[in-house]
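Let's take a walk through this protein together, from its enclosed core strands out to its sheets and its ligand. Have the sequence and the 3D view ready as you read.

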Amino acid sequence: MENRNFAGDLQISKVNKWYPGDVHAVKDMDMEIKRGEFIVFVGPSGCGKTTLLRMIAGLESISSGEVIMDGRTVNQVPPKNRDIAMVFQNYALYPNMKVKDNIAFPLKMQHIGKTEREKRVAEVAQKLELDALLERKQGALSGGQRQRVALARAMIRKPGLFLMDEPLANLDAKLRTEMRREIITLQRELGVTTIYVTHDQTEAMTMGTRIAVISGGVLQQFGTPQEIYRNPANLFVAGFIGSPNMNVWDTELISNNGQHYLTLGNARIPMGKSGLDARGLQGPIKAGIRPEHIVPAAPDDPHAVRMKISILENTGREAAVFLTGADIPDMTMVTGADFSGRAGQEVYIRLKPEKILLFNTETGCAYG
Ligand code: ATP
């Protein structure tokens, strides 16, 4: 089969994967990805993200459904003809080869001449600041340098699609942050459609133009970081994205003279009128609020809720305040670093009603 150049539009249509032993690893996956997007697959360990990535790469067979590149089904196209480059967590580079030869390797496999190879290596090395390391053996590099070489090797072929599977997992926190930015900048410059797999929600939020949140082989939500953060489709997404976690509690919607209230333990939070009437919601429901939408309140605020500080974590930039209360579910508030309080002390808090999200108790789906 001939090599195909891929312009960058990728469609995943009703894709399923069953492994032997009745393991349904990927379920009815549907996604449309446009040229130049930076897509992140995120979800807990075992949710099926690597399996999906490997099916896109052609390294894993597809049980049913289709992977479509630029409008053509590629289920039967071997990986080497899909115009993709992959970067993995384990660098898969040759330790005894010089850096420049490692980078040039994919071109050699394509029988591209030496002069052209050297030119392209120089270009890519400059972009990734590897110029000074080209003559070194791969084995004599640090983790971050090796990962940079792996990126260079993936980039050198100018593929139509980058697939990256936890490429930064082996790096320390500082280097990860640096490399994250480098990958984003490179991807923007090159405009190559990219799919990046991670279980780290911060990585997903900071890197993706759109994020696919996956759990149990099922796509839970596919949207921009902002959409996913502000309007999670269900309780799984609400809990998985955001740190500290969203506060979620069992509550009841009570209507009284056209005014709606949510219960928080013994307290009642006025919700105003807007929207709730139209939705006809009543009775038991789950409510959620992000920690930054809980604020300190004055004791005489009629809607203040009294709680006790169990732990206070002040990073110098902000304070995460973990709260407990009598007959009230535990809550977390994130507020300014100037928050004065200490563990054991009582505080009054207020929930911003317009920021409260509501979820179906049984299905976990959001009311939106
Ligand atoms: P991780 O982040 O831990 O790599 P993941 O989200 O990438 O996890 P997958 O590796 O895609 O998840 O695995 C999805 C499911 O399929 C898991 O339940 C896993 O045990 C199962 N699985 C993966 N590979 C195989 C295989 N070759 N045979 C049988 N089951 C498999």
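Why does strand β7 (residues 161-165) count as largely enclosed by the rest of the structure? Please keep in mind as we go that this is a predicted model. The reason is that five of the five residues of β7 are buried, so the strand is largely enclosed by the rest of the structure. You can see this on both faces: Leu161, Leu163 and Asp165 point one way, Phe162 and Met164 point the other way, and all are buried.

The strands on either hand of β7 are worth a look too. Strand β6 (residues 84-88) is joined to β7 by five bridges, and the two run parallel. To find that pairing on your screen, start from Met86, whose bridge partner in β7 is Leu163. Strand β8 (residues 193-198) is also joined to β7 by five bridges, again in the parallel sense. Here Phe162 is a handy landmark, as its bridge partner in β8 is Thr194.

Now step back for the overall view. The protein chain has 368 residues, and buried ones make up 35% of them. Its secondary structure comes to nine helices and 21 strands. Taken along the principal axes, the C-alpha atoms fill a box of roughly 80 × 45 × 35 Å. Among contacts with a separation of 6 or more, 66% are between residues 24 or more positions apart.

Let's turn to the ligand next. Which residues are around the ligand? They are Tyr19, Val23, Ala25, Gly43, Ser45, Gly46, Cys47, Gly48, Lys49, Thr50, Thr51 and His199. The elements that give two or more residues to this shell are β2 (23-33) and α1. Helix α1 supplies the largest share, three residues. By class, the shell divides into four nonpolar residues, seven polar and one charged.

Helix α1 deserves a moment of its own. It spans residues 49-57, and its buried residues are Lys49, Thr51, Leu52, Leu53, Met55 and Ile56. Two of these names, Lys49 and Thr51, will be familiar from the residues around the ligand. After the helix comes Gly58, whose phi is positive, near 90 degrees.

Two other helices show how elements pack in this model. Helix α2 (residues 99-109) meets helix α4 (residues 143-155) at an angle of about 30 degrees, and their axes are 7 Å apart. On the α2 side the contact is made by Val99, Asn102, Ile103, Phe105 and Pro106, and on the α4 side by Val149, Ala152 and Arg153. Sorted by class, that contact has six nonpolar residues, one polar and one charged. The crossing of α2 and α4 is right-handed.

Further along the chain, the antiparallel sheets come into view. As a reminder, strands of a sheet pair through backbone hydrogen bonds, either parallel or antiparallel. One open sheet has six strands in the order β13-β12-β11-β14-β20-β21, with antiparallel pairing. Its edge strands are β13 (267-272) and β21 (366-367), each of which pairs on one side only. At the β13 edge, strand β12 (residues 259-264) runs antiparallel to β13, and five bridges join them. His260 marks this pairing nicely, with Gly272 as its bridge partner in β13.

What is the strand order in the open sheet of five strands? It is β15-β19-β16-β17-β18, and here too the pairing is antiparallel. The edges are β15 (294-296) and β18 (328-336), each pairing on one side only. From one strand to the next, the twist averages 45 degrees. Strand β17 (residues 318-325) pairs with β18 over seven bridges in the antiparallel sense, and Leu323 has Met331 as its bridge partner in β18.

Let's finish on a single residue in this sheet. Arg350 lies in strand β19 (residues 346-351). Why does Arg350 count as partly exposed? It has 18 C-beta neighbours inside 10 Å, whereas a buried residue would need 20 or more. Leaving aside residues up to four places away in sequence, Arg350 touches Val295, Ala297, Asp301, His303 and Ala304. For a sense of scale, Arg350 and Leu186 are 164 residues apart in sequence and 43 Å apart in space, C-alpha to C-alpha.

Definitions and conventions
Residues numbered from 1 in each chain as written. Predicted model: local features only at pLDDT ≥ 70, side-chain atom pairs only at ≥ 80, totals over all residues. Buried ≥ 20, exposed ≤ 12 C-beta atoms within 10 Å, placed from the backbone. Helix = DSSP H or I, 4+ residues; strand = E, 2+ residues; numbered from the N terminus. Axes fitted to C-alpha atoms, helices over the stretch in contact; angles between N-to-C directions. Left-handed = near helix turned anticlockwise from the far one by under 90°. Contact = placed C-beta atoms within 7 Å. Nonpolar A, V, L, I, M, F, W, Y, C, P; charged D, E, K, R; others polar. Near = placed C-beta within 6 Å. Pairing = 2+ DSSP bridges.
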